[in-house]
Amino acid sequence: MALFVLVHSWLLPVTNRIDPTYTGGHDSISSSSWNSVSVHPDQVLRLKKTMGLLRQSEKLGLPLMNLVRFKGMPILDQLNLEEKLLRTTSDNWCILNDGADAPTIVMGVSGKPAELLELESVIGDNVPVIKRFTGGGTVIVDEGTIFVTLICNKDAVPKVQPYPRSIMSWSGKLYDEVFQGIGDFQLRENDYVFGNRKFGGNAQSITKDRWIHHTSFLWDYEDRNMTYLKLPSRAPEYRSARDHTEFVCRMREYLQRSAFIDKTIKALDNYFMVQPATPADVNSCQVAKFAHSTRLLSKQELEDACSSTKPGTIAQSASI
Amino acid sequence: MIVFSENVDTFSFDRCIANVAAVIKDLKYAESHEWVKVDGNSATVGITDHAQDHLGDVVYVELPELGTEVTQGNSFGAVESVKATSDINSPVSGKVVEVNEELNGSPALVVNTSPYEEGWIIKVELKDAGELNNLKDADAYSKFCDEEDAKH
């Protein structure tokens, strides 16, 4: 039997807090409306839990962050979810995806396949190539990659401005706490490194009122997968023209997988009131129609890019 | 912040010396750090010196298609810098009639070094000149930027 409950709209489960016209930070907590809604008795327990968390967060002055965990979610699905949550919700989110599925190449928004990829082998081995909505470089991800994504309102973290260097300065401090005492961790020329070896690639997208900072951490990887990637023309100085196998390292050599995830959540607790959210919660709060900009490149696009790198190909074809 | 009424060559030189963000007196500004220059029914739009300074070297600009309708306050494109895409929001509503093709080459050479002149991004056929009242003048925008930076 359903109960009729008069509730503050901000106390409704995260599934109902959607505002495509969102324009502000968590000031909107104080400007919500009262609604009369039909609530299942099970949801009353969740409401009580949410009310408790809200009281705690208000007490501590920390903004709420919804933590949602996946395992083996395909990277294209993850990126589409992230872009949708960034642009159509007003909540703070942490998405943890413990491993993607099949090896997939992911380029930044301005990436050019011909410049960044060994296209003949990518096409020959049917490796999917995605162009994502954030900036930055090219990675190849698989089940050995751990993803941590932070989606925040622009006022969520004090002293952090919605600009790339300010956001990364804060994220560097966050991960300083995660990797304290481990492997000479640092944020070096915008990469997460142990010493001079990169183990985490990050990228961002910034809207008027929100931002996303997402990272793919190389828990483990196959050396042969790195051969699909060319040495990029835009590279940090500390790379010193090293090829991928000399430039990157495996996080598994430094700490356990579960320890990394636990330490990351613990570090987030210093800045947010972290609240677990289920994948079902996430699915139910999404708007029906959203035009993603992340996309899978077609085989034709890759073949055309490959052809463009070969001088004289068109002339030879014409002479046959 | 330095306010110039004309002669943006002076702007470039003095900015190097003073290392402070500059505004141009006769432009209008959005809180999201875009500027607009209106000439009759035509508006030219770009990002401010404050924005380019905070964004870092711009490596890519995502431009809209010609004929795209833009709405005041809404995103029409993006710049990429330091591994981040940042939305560019239109300070006016109207139709895109021209985009700056120079940005397809080396955008940092224009957007970072000449944000108010060579670094313009789109030209718009204005829909409602009254919307300009929602924007800030140079002095108000300067004050806004100083307050925003002071908070962080």
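The following dialogue explains how to read several features of this predicted model.

Colleague: What is the general make-up of chain A, and how much of chain A counts as buried?

Modeller: Chain A contains 11 helices and 14 strands. Of its 320 residues, 52% count as buried. The chain exposes about 15000 Å², and carbon and sulfur atoms supply 52% of that area. As for contacts between residues at least 6 apart in sequence, 79% join residues at least 24 apart.

Colleague: How many aromatic pairs are there over all chains?

Modeller: Rings count as a pair if their centres lie within 6.5 Å, and planes over 60 degrees apart make the pair edge-to-face. By this rule there are 22 aromatic pairs over all chains. One of them joins Trp170(A) and Phe272(A): the ring centres are 6.3 Å apart and the planes stand at 80 degrees, so this pair is edge-to-face. The two residues are 102 residues apart, and their pair links distant parts of the chain. Trp170(A) belongs to helix α5 (residues 164-178) of chain A, while Phe272(A) is in the loop between α8 (257-268) and β13 (273-276).

Colleague: Are Trp170(A) and Phe272(A) buried or exposed, and which type of pair do Phe179(A) and Phe194(A) form?

Modeller: Both Trp170(A) and Phe272(A) are buried. Phe179(A) and Phe194(A) form an edge-to-face pair, with 5.6 Å from centre to centre and 85 degrees between the planes. Phe179(A) is in the loop between α5 and β9 (185-188) of chain A, and Phe194(A) is in strand β10 (residues 191-194), 15 residues apart.

Colleague: Why does Phe179(A) count as buried, and why does Phe194(A)?

Modeller: A residue is called buried when its relative accessible area is under 20%. Phe179(A) counts as buried because its relative accessibility is 2%. Phe194(A) counts as buried because its value is 3%. Both residues also belong to a cluster linked by ring pairs, whose other members include Tyr175(A), Phe185(A), Tyr192(A) and Phe217(A).

Colleague: Which charged residues lie over the face of a ring?

Modeller: For this feature one looks at the position of a Lys or Arg side chain relative to the ring centre and the ring normal. Arg250(A) lies over the face of Tyr221(A), at 3.9 Å from the ring centre. In chain B, Lys123(B) lies over the face of Trp120(B), at 4.7 Å from the ring centre.

Colleague: Which strands pair with β8(B)?

Modeller: In a regular strand the side chains alternate between the two faces of the sheet. Strand β8 (residues 75-81) of chain B is mostly covered, with six of its seven residues buried. Four bridges join β8(B) to strand β6 (residues 58-62) of chain B, and these strands run antiparallel. Six bridges join β8(B) to strand β9 (residues 84-89) of chain B, again in the antiparallel sense. Glu80(B) in β8(B) is the bridge partner of Tyr60(B), and Glu80(B) also stands opposite Thr85(B) in β9(B).

Colleague: What lies between β8(B) and β9(B), and what does UniProt place at Lys83(B)?

Modeller: The two strands form a hairpin with two residues between them, and Val82(B) in the turn has a positive phi of about 45 degrees. Lys83(B) lies in the loop between β8 and β9 of chain B. An unreviewed UniProt entry places the feature "modified residue: N6-lipoyllysine" at Lys83(B).

Colleague: Why does Lys83(B) count as buried, and which residues does Lys83(B) touch?

Modeller: Lys83(B) counts as buried because its relative accessibility is 16%. Leaving aside residues up to four places away in sequence, Lys83(B) touches Gly135(A), Gly136(A), Asn190(A), Asp191(A), Asn202(A), Ala203(A) and Gln204(A).

How values were computed
Residues are numbered from 1 along each chain as its sequence is written. Chains are lettered from A and ligands numbered from 1 in the order in which they are written. This is a predicted model: local features need pLDDT of at least 70, side-chain atom pairs count only at pLDDT 80 or more; totals for chains, interfaces and linings use all residues. Side-chain values use heavy atoms; hydrogens and water are left out. Rings of Phe, Tyr and Trp (its six-membered ring) pair if their centres lie within 6.5 Å; planes under 30 degrees apart count as stacked, over 60 as edge-to-face and the rest as tilted. Buried means under 20% relative accessible area, exposed over 50%, partly exposed in between (1.4 Å probe, protein chains only). A charge sits over a ring if NZ of Lys or CZ of Arg is within 6 Å of the ring centre and within 35 degrees of the ring normal. Contact means heavy atoms within 4.5 Å. Accessible areas come from the Shrake-Rupley method with a 1.4 Å probe; for residues, only the protein chains shown count as cover. Two strands pair if DSSP finds at least two bridges between them. UniProt positions are given in the numbering used here, feature names are shortened, and annotations may be inferred rather than shown by experiment.
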